[in-house]
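Subject: Structure handover and notes

Dear colleague,

I am passing on the structure we spoke about, and my notes follow it. Please read them with the coordinates open beside you.

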Amino acid sequence: MRVSHVISPGPMAGAENVVLQGCAALLQQGHSLSLLVLTEARCPEHGALFAAAARERDIPVQEISVERRLDIRALATLRAALKAADVEVVHAHGYKALVYSMLTSSRRTRLAVTHHGETGHDSLARLYEALARTLYRRVDCVFAVSNATSDALIEAGVPRAKLKTVPNPVSLPQPTPGAADDSPGAPLLFIGRLSEEKGLDVLLRALASPNAPAGLTLNVAGDGPCAERWKALGSELGLNGKVRWLGMRKDVPELLASAQALVLPSLREGLPLAVLEAASCGVPVLASRVGGVPEAVQEGETAVLIAPGDVQGWSRALAALPARGDELRKAAQRRAPEIRARHAPARWAELTTQHYCEVAR
């Protein structure tokens, strides 16, 4: 099948990595695929880094420069690229990519979109996210990354018949036997964009509470608009020396192997890649009970889930971790092969291809 994926990427995070893994898997299954990257002039480094990562995976990619919110020249370039590829399905990721795809796709081309989740971190983001949910009613297929995401979209008025639940793919090197650090002194690990919806301030306050185990430390891998504010908060809470700010990292398997548990105090999520990566590597998870997180782990067995924004709940979970850590890790290691099989990129590509064929018919 001839398919084009369209994305206006931000910093390399969950959705960007999902698109790269998915496109690579579709190519392996024999699809004719192109990846069209809308590179914003105000932050060209995001598009450049994403396109470079695609080329490393041998994904055919074309960058299209976007100078303003609705760029006529960029629309013309995208229309020409889609026409030249003679695609059967255009698959958009994000509201900007969706708008541009709707304005440039031919009438005989089927249009799909993946709803990766919502940030809702400011009024402009909420406006665009509401616009996207309205536009979903006019596309041929809406991919939801979890059942919870699908239910939320149905509540927002997206027709049930258009929705297809396809969980995110995850692919990390197979963990080396015995490589994991299950010692009580191993650090907690946060992986993700440092933005409002990730709720890292909730975790920092819990870590500073009197109930937190004395030797507990936290590694933070990621960057984003809240980085400086949260670093300052950590200092105010007396966490200097207990929190290490690692910045953007590419050695995720090594970080997971040296972690006592993955922590994700998000306020909103779709299906977070960090949780899937931890679960697939046999690392216990402490996370907010939001979005598709409960679908990705086994609460009480491999993971402890806390109400979003609940500092006291996080404080209690951290206090109980030393006593439960060994039990959680053994269960997580036992379940890891199941997670890897369920979220294998090849499995994602099979499900996605089925739905492409359905809408193409």
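Which residues does E40 touch, not counting residues up to four places away in sequence? In this model, which is a predicted one, E40 touches S8, V66 and K96. E40 has its place in strand β2, which covers residues 32-40, and at 9% relative accessibility E40 counts as buried. With S8 there is also a polar contact, made from side chain to side chain at 3.4 Å.

K96 turns up again in the surroundings of R68, since R68 is in contact with K96 and Y100 once its neighbours within four places in sequence are left aside. R68 itself lies in the loop that runs between β3 (61-66) and α3 (72-85). Should you want a long-range reference pair, R68 and D251 are 183 residues apart in sequence, and their C-alpha atoms are 35 Å apart in space.

The aromatic side chains come next. The structure holds two aromatic pairs. In one of them, Y95 and Y128 are stacked, with 4.7 Å from centre to centre and 25 degrees between the planes. Because Y95 lies in helix α4 (residues 95-104) and Y128 in helix α5 (residues 123-135), this pair ties together parts that are 33 residues apart in sequence. The two partners should be described separately as regards accessibility: Y95 is partly exposed, with a relative accessible area of 34%, whereas Y128, at 18% relative accessibility, counts as buried. F143 and Y356 have ring centres 6.2 Å apart and planes at 90 degrees, so that pair is edge-to-face. It links distant parts of the chain, with F143 in strand β6 (residues 141-144) and Y356 in helix α13, 213 residues apart, and both F143 and Y356 are buried.

Helix α13, which spans residues 345-360, is also the place of T353. T353 is buried, with a relative accessible area of 16%, and its side chain makes a polar contact with the side chain of H31 at 2.9 Å. Apart from neighbours within four places in sequence, T353 is in contact with L26, Q29 and H31.

For helix α6 (residues 147-155), the buried residues to look at are T149, S150 and L153. They cover an arc of only 100 degrees around the axis, and therefore sit on the same side of α6. Among the elements that cover the buried residues of α6 are β5 (110-115), α5, β6 and β7 (163-165); of these, α5 carries Y128 and β6 carries F143. Just after α6, G157 takes a positive phi of about 100 degrees, which may be worth a look when you go through the backbone torsions.

Finally, there is a helix packing to report. Helix α10 (residues 273-280) and helix α12 (residues 311-342) pack at an angle of about 115 degrees, and their axes are 7 Å apart. On the α10 side the residues are L276, A279 and S280, and they meet A332, A336, I339 and R340 in α12. By character, the residues of this contact divide into five nonpolar, one polar and one charged.

With kind regards

Definitions and conventions. Residues numbered from 1 in each chain as written. Predicted model: local features only at pLDDT ≥ 70, side-chain atom pairs only at ≥ 80, totals over all residues. Heavy atoms only, no water. Helix = DSSP H or I, 4+ residues; strand = E, 2+ residues; numbered from the N terminus. Buried < 20%, exposed > 50% of the residue type's maximum accessible area, 1.4 Å probe, protein only. Polar contact = N/O pair within 3.5 Å; in protein donor to acceptor, adjacent residues only side chain to side chain. Contact = heavy atoms within 4.5 Å. Axes fitted to C-alpha atoms, helices over the stretch in contact; angles between N-to-C directions. Nonpolar A, V, L, I, M, F, W, Y, C, P; charged D, E, K, R; others polar. Phe/Tyr/Trp six-rings, centres within 6.5 Å; stacked < 30°, edge-to-face > 60°. Arc of directions from axis to C-beta.
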